There are 2 protein chains.
Amino acid sequence: MPARTTPAASPVRLAAETWESLFRAQVAVMRRLQSGPAFKNLAVNEYDVLFTLSRCPSGWLRLNELNDNVLLSQSSLSRLVERLEKRGLVARMPAPDDGRGVLVKLTDDGAELQKQIGREHVRDIAELVAPALTAAEQRELLRLTEKLRTSLPR
Amino acid sequence: MPARTTPAASPVRLAAETWESLFRAQVAVMRRLQSGPAFKNLAVNEYDVLFTLSRCPSGWLRLNELNDNVLLSQSSLSRLVERLEKRGLVARMPAPDDGRGVLVKLTDDGAELQKQIGREHVRDIAELVAPALTAAEQRELLRLTEKLRTSLPR
DNA sequence: TCGATTTACATGCATTTGCATCTATCAGTT
DNA sequence: AACTGATAGATGCAAATGCATGTAAATCGA
């Protein structure tokens, strides 16, 4: 019987323990991030939408594209964007090439708020991650998580 | 101006991109996991509580200890455990050494449900993670996320 | 081209969540 | 012991979330 500290014997166990560790790390970091002052006026999911829009080259994203980045149901995202629109942080318009679709983009206010919170947020992240891992380790973690994400089915 | 694909120049940028990638991977994997049949009758957070209790050597955990593992507010966890108790999956008792505290443990039903869902869950995880990363990469990802989590302040 | 199926998003409704606050207990000070 | 502040957990209440479903537009098949 293997000791509890032995790195997983079977492939299945190894995969499970890897995911478990990734998930716990995410929970631990996220808990600290969201308790910071950066998210006093905007929920993490809301910031995430603004952030995703800020990274989009064209500025416009479909609702279903946004939904790939956020861990929310379709209906919840729909209403989240509705709230952001009411607050004047995003604008919506019908997709020109698809009568069912909706395009979303940041307003000037939304872009400014994203940048302001983003600066604080990045600072908070660096204060947590940089002391924990060397630069080389961070690069490796970045590579592995990116590979994991892009290798998932669909 | 650095190309977008260049691995972050500054330490702050590197840390931010590392976290971003870790977070996106977590979202992508979690979305696939929670859509599976394993979580038809139990929310992920609820399973997480059962799982954490199943790993605890003594069987009993304080509510505030549970709260470290789950990304939920104190009040939400309090009510989540209340619901689990109503469903007969956990039992509570006042902490013997601290009149304010509450201890929680799995009931037999809870332990059985955890094992049953756990088996499915582990299978789902392995089907996602194993094809994406080699065993060596998984071990390295496990090591890095564990180091990150355990190196966080407090 | 017409009917059937699928896709994109919105909405009604019950459940879950978080914030603020409350109570009770504990720990430290005098 | 009495007082002060901190900590554990519960609860009222408003807001957010997800499920099931609805509507409309696109796609597919005959």
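These notes cover how the two protein chains of a predicted model relate to each other and how they meet DNA strand D.

1. Relation of the chains. A turn of 180° with a shift of 0.0 Å along the axis lays chain A on chain B, at an RMSD of 0.0 Å. The two copies are therefore related as by a two-fold rotation axis. Within chain A, L141(A) has the C-alpha nearest that axis, at 3.2 Å.

2. Interface. Of the interface residues of chain A, 100% are also interface residues in chain B, so the copies meet through the same surface.

3. Surroundings of the DNA. There are 22 residues around DNA strand D, and those that come nearest are S76(A), R79(A), G99(A), S78(B) and R79(B). Of the atoms of DNA strand D that come within 4 Å of the protein, 65% belong to sugar and phosphate.

4. Individual contacts. On the backbone side of the DNA, a polar side-chain atom of S78(B) is 2.4 Å from a phosphate oxygen of strand D. S73(A) uses a polar backbone atom instead, 2.8 Å from a phosphate oxygen of DNA strand D. R79(A) has a side-chain N or O atom 2.7 Å from a base oxygen of DNA strand D.

5. Elements involved. Two or more residues of the surface near DNA strand D come from each of helix 4 (74-86) of chain A, helix 3 (63-69) of chain B and helix 4 (74-86) of chain B. Helix 4 of chain B gives the most, namely five residues.

6. Composition. The surface near DNA strand D consists of 10 polar, nine charged and three nonpolar residues.

Key:
Residues numbered from 1 in each chain as written. Chains lettered and ligands numbered in written order. Predicted model: local features only at pLDDT ≥ 70, side-chain atom pairs only at ≥ 80, totals over all residues. Heavy atoms only, no water. Near = heavy atom within 4 Å. Polar contact = N/O pair within 3.5 Å; in protein donor to acceptor, adjacent residues only side chain to side chain. Helix = DSSP H or I, 4+ residues; strand = E, 2+ residues; numbered from the N terminus. Nonpolar A, V, L, I, M, F, W, Y, C, P; charged D, E, K, R; others polar. Least-squares fit on C-alpha atoms with pLDDT ≥ 70 in both. Contact = heavy atoms within 4.5 Å.
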